[in-house]
Amino acid sequence: MGCAAYKILSEVKQAGGSLECVGGDRLRVMAPRPLPPDLVERVKANKPEIILALCAAPVSVDQGPFAERAAIIQANGIPQEWAEGFALLCTRERPAVFTPERWGELLDDGGYFLDAWGRQAAGLRWSAADVFGVNPDAPEWRYDGMGLIPCLNGRRVVAITQDTARIDCGDGASLTFYRHTLSAESITLWDVENDLK
């Protein structure tokens, strides 16, 4: 799932409030003062994802943000490596090689893909590198070693097979990503060092 729910939960906490899942389909807001109106609107717009984040995979409160996110993602049938890797992406500092806008796009693309296609891709034997791979020397720019998520650039996958993913480009156009044997030097997004220039 995407990181939008986690960002909103964090902003609610920073505003002095908290959200609680009630009955599996409602949210209760607890705050000493009203939350900012724009934050309330984003809570409403992302209610299903927030409920899923709060209710779908109960975890111990002492597990912390990383373990909580990983457990929620894995509860949707996502392989443990992908769940833990994506949870790390959602909780770690942005690597310097990516702009804030690009990093946010990668998180959104990864979340949408895991929600819609993660279980199916894993069943078709796509690897973590096939999905989240990047070139270790130039993770943002070099296409050799680049997996599906870094190639999406805000677009959505609309079909997947054992060897390909079809990407919607809008206006009826699409492109096909071919799963390929990645270089042994390829790394996943969660292995990109923070100090890359």
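**View 1. Lys44 and Glu41 sit about one turn apart in helix 2.** In this predicted model, both residues belong to helix 2 (residues 37–45), with their positions 3 residues apart in the numbering. Their side chains meet in a salt bridge, at 3.9 Å from N to O. Lys44 is exposed, with a relative accessible area of 55%, while Glu41 comes in at 46% and counts as partly exposed. If you like keeping a tally, the structure holds 7 salt bridges.

**View 2. Arg156 reaches Asp109 through a salt bridge.** Here the N to O distance is 3.0 Å. Arg156 lies in strand 4 and Asp109 in helix 6 (residues 100–123), so this pair ties together parts that are 47 residues apart in sequence. Look at the two partners in turn: Asp109 is buried, at 2% relative accessibility, and Arg156 is partly exposed, at 32%.

**View 3. Arg179 and Asp130 link distant parts of the chain.** Their side chains form a salt bridge of 2.7 Å, N to O. Arg179 is in the loop between strand 6 and strand 7 (187–188), whereas Asp130 is in helix 7 (residues 128–132), 49 residues apart. Asp130 is buried, with a relative accessible area of 8%; Arg179 is partly exposed, at 24%.

**View 4. Glu140 joins a network of salt bridges with Arg102 and Glu105.** You'll find Glu140 in the loop between strand 3 (133–134) and helix 8 (148–152). At 14% relative accessibility, Glu140 falls under the 20% cut-off, so this residue counts as buried. A polar contact of 3.0 Å joins its side chain to that of Arg102. Leaving aside neighbours within four places in sequence, Glu140 touches Val97, Phe98, Arg102 and Met146.

**View 5. Strands 4, 5 and 6 make an open antiparallel sheet.** The strands line up in the order 4-5-6, with strand 4 (156–160) and strand 6 (173–178) at the edges, each pairing on one side only. From one strand to the next, the twist averages 35°. Strand 5 (residues 164–170) pairs with strand 6 over 6 bridges, and Arg166 stands opposite Thr176 in strand 6.

**View 6. Confidence runs from a low in helix 4 to a high in strand 4.** Helix 4 (residues 64–74) has a mean pLDDT of 55, and strand 4 has 96. Over residues 57–63 the pLDDT is below 50, and this stretch has 6 contacts in the model beyond near neighbours in sequence. Where pLDDT is low, the predicted coordinates should not be read in detail. The protein as a whole averages 81, with 81% of the residues scoring at least 70.

Terms used: Residues are numbered from 1 along each chain as its sequence is written. This is a predicted model: local features need pLDDT of at least 70, side-chain atom pairs count only at pLDDT 80 or more; totals for chains, interfaces and linings use all residues. Side-chain values use heavy atoms; hydrogens and water are left out. Two strands pair if DSSP finds at least two bridges between them. Helices (H or I, at least four residues) and strands (E, at least two) are DSSP runs, numbered from the N terminus. Axes are lines fitted to C-alpha atoms, for helices over the stretch in contact, and angles run from 0 to 180 degrees between N-to-C directions. Buried means under 20% relative accessible area, exposed over 50%, partly exposed in between (1.4 Å probe, protein chains only). A polar contact is a pair of N or O atoms within 3.5 Å; within protein, one must be able to donate a hydrogen and the other to accept it, and residues adjacent in sequence count only if both atoms are side-chain atoms. Contact means heavy atoms within 4.5 Å. pLDDT is the predictor's confidence in each residue, from 0 to 100. A salt bridge is a side-chain nitrogen of Lys or Arg within 4 Å of a carboxyl oxygen of Asp or Glu.
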